[in-house]
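I opened this structure to take notes on it. The entries below follow the order in which I looked things up.

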Amino acid sequence: MSFETLRLALLVLHFVGLAALIGPALLRSVASWTVVPIMLTGAAIQVATGNGLIAANQLQGMHVIEAKMIIKLALALASLVLLIVAAVRLRKARKRGKHLEARAAERAAAGIGGLALVTAVIWT
Ligand code: HEM
């Protein structure tokens, strides 16, 4: 393994550590929020700030790798849609007085987020 591969792997882990450090505290800070709404907010923030970053780069004449951006946008939108569907299902269940979990959707959205992270870090 080259040192560059090691550096990129460490950078991916660095972002995972950051998410693990901040995510649970965010979850606790808004007592009424559960995992799906906070993940949904995170996915929406990624889509909004990602597009903002593209605009900010282009306004300064700086180049972005278009194919990478399209893939990251598709991944972020996929996790956003999954989480919206899960949030709607959870809300309907709560209205009927039932308790429902959305573990599969949470895991899938996190996995897709992880793929977007790896894409961001290794594709330069
Ligand atoms: C879950 C989704 C996402 C994750 C985990 C993620 C992660 C990252 C990371 C780790 C970086 C810093 C490394 C780098 O410069 O490549 C980054 C930068 C960037 N991301 Fe994302 N991203 C996501 C979604 C998006 C989306 C949807 C877009 C745009 C449509 C986007 C656009 C950008 C841009 C333009 C930068 C470069 C910023 C700069 O150098 O000025 N990202 N992203």
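**Record and annotated stretches**

I began with the UniProt record, an unreviewed entry, whose "transmembrane region" annotation covers residues 69–88 and 108–123. The model I compared it with is a predicted one.

I looked up residues 69–88 and found the chain there 100% helix and 0% strand. The end C-alpha atoms of that stretch are 28 Å apart. Residues 108–123 came out as 94% helix and 0% strand, with 22 Å between the end C-alpha atoms.

**Overall layout**

I counted 4 helices and 0 strands in the protein. Along the sequence the pattern reads α-α-α-α. The C-alpha trace spans about 50 × 35 × 25 Å along its principal axes.

I then checked burial, and 15% of the 124 residues are buried. Among contacts with a separation of 6 or more, 74% join residues 24 or more positions apart.

**Helix 1**

How far apart should the ends of helix 1 be, at 1.5 Å a residue? For the 27 residues of helix 1 (residues 3–29) the span should be 39 Å, and the end C-alpha atoms are 39 Å apart, so the two agree.

I looked for buried residues in helix 1 and the number is 0, so this helix lies largely in the open. I took Gly 17, which lies in helix 1, as a sample. Gly 17 has 10 other C-beta atoms within 10 Å; the cut-off for exposed is 12 or fewer, so Gly 17 is exposed. I also noted the distance from Gly 17 to Asn 51: 24 Å from C-alpha to C-alpha, with their positions 34 residues apart in sequence.

**Helix 2**

I repeated the length check on helix 2. Its 25 residues should span 36 Å at 1.5 Å a residue, and the end C-alpha atoms are 36 Å apart, which agrees.

Which residues of helix 2 are buried? I noted Val 36, Met 39, Gly 42, Ala 43 and Gln 46. Helix 3 and helix 4 are among what covers these buried residues.

I picked Ala 43, found in helix 2, for a closer look. Ala 43 has 24 C-beta neighbours inside 10 Å; the cut-off for buried is 20 or more, so Ala 43 counts as buried. Leaving out residues up to four places away in sequence, Ala 43 touches Ala 76, Ser 79, Leu 80, Leu 83 and Ala 109. Its C-alpha atom is 9.3 Å from that of Val 81, although Ala 43 and Val 81 are 38 residues apart along the chain.

Just after helix 2 I found Gly 61 with a positive phi of about 75°.

**Helix 3**

Helix 3 has 30 residues and reaches 43 Å from its first C-alpha to its last, close to the 44 Å expected at 1.5 Å a residue. The buried residues I listed in helix 3 are Lys 72, Leu 75, Ala 76, Ser 79, Leu 82, Leu 83, Ala 86 and Leu 90. They pack against helix 2 and helix 4.

Just after helix 3, Gly 97 takes a positive phi of about 75°.

**Nonpolar core**

I looked up the largest nonpolar core, which has 14 residues. Val 36, Leu 83, Ala 86, Ala 105 and Ala 109 have the most contacts inside this core. Helix 2 (35–59), helix 3 (66–95) and helix 4 (103–122) are the elements that give two or more residues to it. Helix 3 gives the largest share, 6 residues.

I followed Leu 83 one step further. Not counting residues up to four places away in sequence, Leu 83 touches Val 36, Met 39, Leu 40, Ala 43, Ala 105 and Ala 109.

**Ligand shell**

Last, I looked at what surrounds the ligand. Which of the 18 residues around the ligand come nearest? I noted Gly 50, Leu 53, Ala 76, Ala 116 and Ala 120.

Helix 2, helix 3 and helix 4 each supply at least two residues of this shell. The largest share, 7 residues, comes from helix 2. By class I recorded 12 nonpolar, 5 polar and 1 charged residues around the ligand.

Technical notes. Residues numbered from 1 in each chain as written. Predicted model: local features only at pLDDT ≥ 70, side-chain atom pairs only at ≥ 80, totals over all residues. Core = buried A, V, L, I, M, F, W, Y, C linked by C-beta atoms within 7 Å. Contact = placed C-beta atoms within 7 Å. Near = placed C-beta within 6 Å. Nonpolar A, V, L, I, M, F, W, Y, C, P; charged D, E, K, R; others polar. UniProt positions renumbered as here; feature names shortened; annotations may be inferred. Expected span 1.5 Å × (residues − 1).
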